[in-house]
Amino acid sequence: MLTVSAGDVTHERIGAVGQVVQDRDAVRLEGDSHHARLDLAAIGSFVADRTGRMGERALPRIQALSPDGRALYALIALDGLEPFDAALSDIATGEAVAPLPKPADRGEPSAGDDDLVRVLLDGLAEAGATIDVAFESEGVVQSWSGPASATKLAMGFVNIIRPDFHLHARAGAVASWHEEGGSRHALAADGKPIGLTVSVRDA
């Protein structure tokens with residue numbers, strides 16, 4: 001799972017990476033329904049974090065950090081520690097570091113049926129649309145394509161939960177949509193782009 005978070009939105013592609021392609025100053029991760037482009041110049045270091053868990057399940061990750069130490073995105077291994085460690089066995093490692101701190105708990109927001117992310121995505125699902133959901137953040141652009149799915153509300157977030165894709169948008173994160181060329185770009189309350197774009201392929 002490649003997980004990217006910014007502006008109270010998290011975009012997660014899930015499943016085997018079909019191929020890894022060097023593309024000038026970037027690396028592309030290609031899959032059946034998802035693609036990502038990682039900007040090599042944005043990466044200062046990687047941290048292998050083996051502390052992640054969900055219940056009894058180990059979820060080790062490679063965290064990409066900017067040159068000044070900010071978290072950019074994470075590649076999470078869903079098949080446990082043994083394959084993760086085997087994949088890293090031939091890579092030179094640096095000093096052990098403490099796990100990255102978790103974001104502060106900001107409390108649970110209240111998400112309702114009028115949330116703009118929910119209104120848009122539920123409408124597209126009802127119309128039977130095929131969509132692209134793209135997300136751009138520092139050092140990474142990631143997209144998923146597939147049939148629009150009805151959203152689910154949980155813990156103050158509007159969510160798409162699919163076997164190959166998760167989207168989590170905190171209630172109120174999107175204040176408006178800017179439509180351009182058939183795509184809708186999410187804007188925050190200050191009018192700045194969040195990085196989330198929803199495009200309709202077919203309806």
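In these legends, Ala, Val, Leu, Ile, Met, Phe, Trp, Tyr, Cys and Pro count as nonpolar, Asp, Glu, Lys and Arg as charged, and the others, Gly among them, as polar. Please keep in mind that every view below shows a predicted model.

**View 1. The largest cavity and its lining.** Let us begin inside the protein, where the count comes to 1 cavity of 30 Å³ or more. The volume of the largest cavity is about 40 Å³. Which residues line the largest cavity? Look for Leu 2, Arg 13, Val 17, Leu 29, Glu 30, Gly 31, His 34, His 35 and Ala 36. Sorted by class, this lining holds 4 nonpolar, 3 polar and 2 charged residues. Strands β4 (26-30) and β5 (34-39) each provide at least two of the lining residues, and β5 gives the most, with 3 residues.

**View 2. Arg 13, a lining residue in strand β2.** Arg 13, one of the residues lining the largest cavity, belongs to strand β2, which covers residues 9-13. Is Arg 13 buried or exposed? Its relative accessibility is 6%, and the cut-off for buried is under 20%, so Arg 13 counts as buried. The side chain of Arg 13 comes to 2.9 Å from the backbone oxygen of Gly 15. Setting aside neighbours within four places in sequence, Arg 13 is in contact with Met 1, Leu 2, His 34, Gln 142 and Asp 164. Two of these partners, Leu 2 and His 34, also appear in the cavity lining. If you wish to travel from here to View 4, the C-alpha atoms of Arg 13 and Leu 120 are separated by 20 Å, and the two residues are 107 residues apart along the chain.

**View 3. His 168 and its surroundings.** Here we meet strand β15 (residues 165-170), where His 168 is found. With a relative accessible area of 18%, against a cut-off of under 20% for buried, His 168 is buried. Which residue shares a side-chain polar contact with His 168? The partner is Glu 12, and the contact between the two side chains is 3.2 Å. Leaving out residues up to four places away in sequence, His 168 touches Asp 8, Val 9, Thr 10, Glu 12, Phe 157, Val 158, Asn 159 and Ile 161.

**View 4. Helix α2 from end to end.** Helix α2 spans residues 116-126, and among its residues Val 117, Arg 118, Leu 120, Leu 121 and Leu 124 are buried. An α-helix has 3.6 residues a turn, so residues three or four places apart point the same way. At the N-terminal end, Asp 115 acts as a cap for α2, with a side-chain oxygen 3.0 Å from the backbone nitrogen of Val 117. Just after α2, you will find Gly 128 with a positive phi of about 70°.

**View 5. Asp 122, a partly exposed residue of α2.** Still in helix α2, we now turn to Asp 122. Asp 122 has a relative accessible area of 24% and is partly exposed. Not counting residues up to four places away in sequence, Asp 122 touches Ser 149, Ala 150 and Thr 151. From C-alpha to C-alpha, Asp 122 and Lys 152 are 9.5 Å apart, with their positions 30 residues apart in sequence.

**View 6. The β16 and β17 hairpin.** Our last stop is a pair of strands, β16 (residues 176-180) and β17 (residues 183-187), which run antiparallel and pair over 5 bridges. Across this pair, His 178 faces His 185 in β17. The two strands form a hairpin with 2 residues between them, and in the turn Gly 181 has a positive phi of about 60°.

Key:
Residues are numbered from 1 along each chain as its sequence is written. This is a predicted model: local features need pLDDT of at least 70, side-chain atom pairs count only at pLDDT 80 or more; totals for chains, interfaces and linings use all residues. Side-chain values use heavy atoms; hydrogens and water are left out. On a 1 Å grid over the protein atoms alone, a cavity is a set of points where a 1.4 Å probe fits but cannot get out, and a pocket is an open set with protein on both sides within 12 Å along at least five of seven lines; lining residues have an atom within 4 Å of a point. Grid points are joined across faces, edges and corners, and a volume is the space filled by probe spheres set on the points. Helices (H or I, at least four residues) and strands (E, at least two) are DSSP runs, numbered from the N terminus. Buried means under 20% relative accessible area, exposed over 50%, partly exposed in between (1.4 Å probe, protein chains only). A polar contact is a pair of N or O atoms within 3.5 Å; within protein, one must be able to donate a hydrogen and the other to accept it, and residues adjacent in sequence count only if both atoms are side-chain atoms. Contact means heavy atoms within 4.5 Å. Two strands pair if DSSP finds at least two bridges between them.
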